[in-house]
Structures are given as structure tokens and as C-alpha cells.
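User: I would like a close look at one part of this model, the charged side chains and what they join. Please work outward from there to the strands and loops.

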Amino acid sequence: MGRVRLADWTTTPGGRFRSEGPFSGEQFREDVVAPAFRAEGHVDVDLDGVVGLPVGFLDEVFGGLAREVGPSIHGKVGFTCLDEPDIVEDIQAFIENGVQAWVPRA
């Protein structure tokens, strides 16, 4: 299982896209989370130890991965978020919305 700790990458997550500045959700997904997922077939993301978790950042990381992977993401992405437990439902919704937006490649 791939394990990723956000605080090892940055303690100040940024916006959704790379164009919005450093430490974006797009950058974290493309450079850290997706490679760990592809290498291991499963990834667990520890979100604790950071200053804030912007909604756009989280949607881009988890929803973006779901839009790439599709329904096969179910049961293969975990996360720990003890610092902000209220965000768990949001992350699950981002994943579900991403799966629904997934378009299979021909």
C-alpha cells in the first residue's frame, strides 16, 4: 500500500491548480498521490499536521484521482484526517462526484 503524508510535502496546502501557486492540489495529485496509487494499486493519504485544508485542494486531489481512475478507486484510497474530522464527508463526496464524472478511455 502506498502511504503519503501531506505534511512531508507541505504544511501549507494551496489552491486547486498549479496556476494558482505553489503546493496546489493538482501538483500533489499528479506528483505524489497518483504515482503512489499507480505503483501500489492503493494509497493512504495522511492529511494531518497541516495549516488548513482548502476545499479546492482536496477536491482536486481526491476528486481528480477519481476522475482519472473511475469506479475502480473504491476501496483503494484511504485517508487520515484526525485534525479536521468534519472534512471526511466532503472528501468522500469529492471521490463519488469524481467517479460519476469519469469517462472511460477508448
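With which residue does Arg 16 form a salt bridge, and how far apart are the closest N and O atoms?

Analyst: The model is a predicted one, and the values below are computed from it. Arg 16 forms its salt bridge with Glu 60, and the closest N and O atoms are 3.5 Å apart. Arg 16 sits in the loop between helix 1 (6–9) and helix 2, while Glu 60 belongs to helix 3, so the pair ties together parts that lie 44 residues apart in sequence. The two residues can be placed by their accessibility. Arg 16 has 23% relative accessibility and therefore counts as partly exposed. Glu 60 has 6% and therefore counts as buried, the cut-off being under 20%.

Glu 60 has further partners. Its side chain meets that of Arg 67 in a salt bridge of 3.7 Å, N to O. Arg 67 is partly exposed, with a relative accessible area of 32%. A polar contact of 2.6 Å joins the side chain of Glu 60 to that of Arg 29.

Arg 29 is the next residue to follow. Its place is in helix 2 (residues 25–40). With a relative accessible area of 7%, Arg 29 is buried. Arg 29 also forms a salt bridge with Glu 68, where the closest N and O atoms are 2.4 Å apart. This pair links distant parts of the chain, since Arg 29 is in helix 2 and Glu 68 is in helix 3, 39 residues apart. Glu 68, at 34% relative accessibility, counts as partly exposed.

The surroundings of Arg 29 can be listed in the same way. If neighbours within four places in sequence are left aside, Arg 29 is in contact with Ala 34, Pro 35, Glu 60, Val 61, Gly 64, Leu 65 and Glu 68. The list thus includes Glu 60, the partner in the polar contact, and Glu 68, the partner in the salt bridge.

Taken together, the charged residues form a network of salt bridges that links Arg 16, Arg 29, Asp 59, Glu 60, Arg 67 and Glu 68. A search of the whole structure finds nine salt bridges.

Helix 3 leads from this network to the sheet. The chain runs from strand 2 through helix 3 (residues 55–69) to strand 3, and this β-α-β crossover is right-handed. Strand 2 (residues 43–46) and strand 3 (residues 77–80) pair in the parallel sense over four bridges. Within that pairing, Val 43 stands opposite Val 77, and Asp 46 stands opposite Thr 80.

On the other flank, strand 1 and strand 2 also pair in the parallel sense, over four bridges. Here Val 4 has Val 45 of strand 2 as its bridge partner. The three strands make up an open sheet in the order 1-2-3, with parallel pairing. Strand 1 (2–5) and strand 3 stand at the edges with a single partner strand each, so one side of each has no neighbour in the sheet. From one strand to the next the twist averages 15°. As general background, strands of a sheet pair through backbone hydrogen bonds, either parallel or antiparallel. In a regular strand, the side chains alternate between the two faces of the sheet.

Beyond strand 3 there is one more acidic residue to consider. Asp 83 is placed in the loop between strand 3 and helix 4 (88–101). At 49% relative accessibility, Asp 83 counts as partly exposed, because the class of exposed residues begins over 50%. The side chain of Asp 83 reaches the backbone nitrogen of Gly 49 at 2.7 Å. Not counting residues up to four places away in sequence, Asp 83 touches Asp 48, Gly 49 and Val 50. Asp 83 and Val 51 are 32 residues apart in sequence, and their C-alpha atoms are 9.8 Å apart in space.

To return to the starting point, Arg 16 forms a salt bridge with Glu 60, and both belong to a network that also takes in Arg 29, Asp 59, Arg 67 and Glu 68.

Conventions:
Residues are numbered from 1 along each chain as its sequence is written. This is a predicted model: local features need pLDDT of at least 70, side-chain atom pairs count only at pLDDT 80 or more; totals for chains, interfaces and linings use all residues. Side-chain values use heavy atoms; hydrogens and water are left out. Two strands pair if DSSP finds at least two bridges between them. Helices (H or I, at least four residues) and strands (E, at least two) are DSSP runs, numbered from the N terminus. A crossover is right-handed if, with the strands pointing away from the viewer, the path from the first strand over the helix to the second runs clockwise. A polar contact is a pair of N or O atoms within 3.5 Å; within protein, one must be able to donate a hydrogen and the other to accept it, and residues adjacent in sequence count only if both atoms are side-chain atoms. Contact means heavy atoms within 4.5 Å. Axes are lines fitted to C-alpha atoms, for helices over the stretch in contact, and angles run from 0 to 180 degrees between N-to-C directions. A salt bridge is a side-chain nitrogen of Lys or Arg within 4 Å of a carboxyl oxygen of Asp or Glu. Buried means under 20% relative accessible area, exposed over 50%, partly exposed in between (1.4 Å probe, protein chains only).
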